[in-house]
Amino acid sequence: MESVRRCPSRDDTERAGEEFAALLRPGDVVVLTGPLGAGKTTFVKGLARGLGVVERVVSPTFTMVREYETPARDDLRRLHHADVYRTSGRGEILDLDLHEWREDAAVVVVEWGEMAEDLFGEVSFVVTIHPDRDSEARDLTVEGPAALDRSVDLERWEAS
Ligand SMILES: Nc1ncnc2c1ncn2[C@@H]1O[C@H](COP(=O)(O)OP(=O)(O)OP(=O)(O)O)[C@@H](O)[C@H]1O
Ligand SMILES: [Mg+2]
């Protein structure tokens, strides 16, 4: 099953992230893929807002991973936001100990995470951002094992 949501503007992508946050459960790992500048960080900004993060979410490019508190959610304490694009390769990704961020009270979101997908055991969702050829629009697709058992919520997400 694959869900698709069209996001004509930057704000739409942010809102898609914000509403996607409502679907997330403790221990979820979300892999974000899409070309450079597709809107992955934009989506995470919205997702963070949906979890009640108050700090400004910035691209974790040089730190690789950033951690935020998620006060809007009783069942979660943290959002880990990573970007593994600039890792020099597999060895460096392994050194990040990505799997250790997966914890009971957290959600992990990894930009360019397709490079590290297998390190997590199971990834809950893969969100792919497809830029439109001749407009600013993006098509967001959501797949993954969690998409099956949360299909009702996803259908709502898709339609809003
Ligand atoms: N519909 C849209 N959705 C998302 N971003 C958009 C859209 N239209 C224009 N933009 C612009 O595209 C850029 C997306 O940047 P963003 O940092 O979110 O991408 P990214 O995928 O995280 O990039 P990187 O691969 O460098 O991590 C922003 O400048 C944003 O304003
Ligand atoms: Mg980014």
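Colleague: Which residues of β1 are on its covered face, and which are on its uncovered one?

Modeller: This is a predicted model. In a regular strand, side chains alternate between the two faces of the sheet. β1 has Val4 and Arg6 on the uncovered face. The covered face holds Ser3, Arg5 and Cys7.

Colleague: Which strand does β1 pair with, and which residue is the bridge partner of Val4?

Modeller: β1 is joined to β7 by five bridges, and the two run antiparallel. Within β7, the bridge partner of Val4 is Thr141.

Colleague: Asp139 lies in strand β7. With which residues is Asp139 in contact, leaving aside neighbours within four places in sequence?

Modeller: Asp139 has 14 other C-beta atoms within 10 Å, so it counts as partly exposed. Once neighbours within four places in sequence are left aside, the contacts of Asp139 are Val4, Arg6 and His130.

Colleague: How far apart in space are Asp139 and Asp149, C-alpha to C-alpha?

Modeller: Asp139 lies in β7. Asp149 is 10 residues from Asp139 in sequence. In space, the distance from C-alpha to C-alpha is 22 Å.

Colleague: Does the span of helix α1 agree or disagree with 1.5 Å a residue, and what is the distance between its end C-alpha atoms?

Modeller: Helix α1 covers residues 10-21, which is 12 residues. At 1.5 Å a residue, α1 should span 16 Å. The value from the model agrees, with the end C-alpha atoms 17 Å apart.

Colleague: Which residues of α1 are buried, and within what arc do they fall?

Modeller: Thr13, Glu14, Ala16, Gly17, Phe20 and Ala21 are the buried residues of α1. Seen down the axis of α1, they line one face of the helix, because they fall within an arc of 155°.

Colleague: What covers the buried residues of α1?

Modeller: The buried set in α1 includes Phe20 and Ala21. The cover over the buried residues of α1 includes β1, α2, β7 and α5.

Colleague: How many residues of α2 are buried, and what do they pack against?

Modeller: α2 is mostly covered, with 10 of its 11 residues buried. Among them are Lys40, Phe43, Lys45 and Leu47. These buried residues of α2 pack against α1, β2, β3, β4, β5 and β6.

Colleague: What is the phi of Gly52, the residue that follows α2?

Modeller: Gly52 comes after α2 and has a positive phi. The value is near 85°.

Colleague: Is β5 largely enclosed or largely open?

Modeller: Five of the six residues of β5 are buried. The strand is therefore, with respect to the rest of the structure, largely enclosed.

Colleague: Which strands pair with β5, and in which sense, parallel or antiparallel?

Modeller: β2 is joined to β5 by four bridges, with Val29 of β2 having Val108 as its bridge partner in β5. β4 pairs with β5 over six bridges, and Ala106 is the bridge partner of Arg78. The sense is parallel for β2 with β5 and for β4 with β5 it is also parallel.

Colleague: What is the hand of the β-α-β unit made by β4, helix α3 and β5?

Modeller: β4 and β5 pair in the parallel sense. Helix α3, residues 90-95, makes up the unit with these two strands. The β-α-β unit is right-handed.

Colleague: What is the phi of Trp112?

Modeller: Trp112 is in the loop between β5 and β6. It counts as partly exposed, with 19 C-beta neighbours inside 10 Å, because a buried residue needs 20 or more. Most residues other than glycine have a negative phi. Trp112 has a positive phi, near 60°.

Colleague: Which residues touch the most other members of the largest nonpolar core?

Modeller: The largest nonpolar core has 40 residues. Elements giving two or more residues to this core include β2, α2, β5 and β6. The residues touching the most other members are Val30, Leu47, Val109, Val110, Phe125 and Val127.

Colleague: Is Asp104 buried or exposed, and with which residues is it in contact beyond four places in sequence?

Modeller: Asp104 lies in the loop between α3 and β5. Only 12 or fewer C-beta atoms within 10 Å make a residue exposed, and Asp104 has 9, so it is exposed. Leaving aside neighbours within four places in sequence, the contacts of Asp104 are Pro26 and Gly27.

Terms used
Residues numbered from 1 in each chain as written. Chains lettered and ligands numbered in written order. Predicted model: local features only at pLDDT ≥ 70, side-chain atom pairs only at ≥ 80, totals over all residues. Pairing = 2+ DSSP bridges. Right-handed = clockwise from strand over helix to strand, strands pointing away. Expected span 1.5 Å × (residues − 1). Arc of directions from axis to C-beta. Contact = placed C-beta atoms within 7 Å. Core = buried A, V, L, I, M, F, W, Y, C linked by C-beta atoms within 7 Å.
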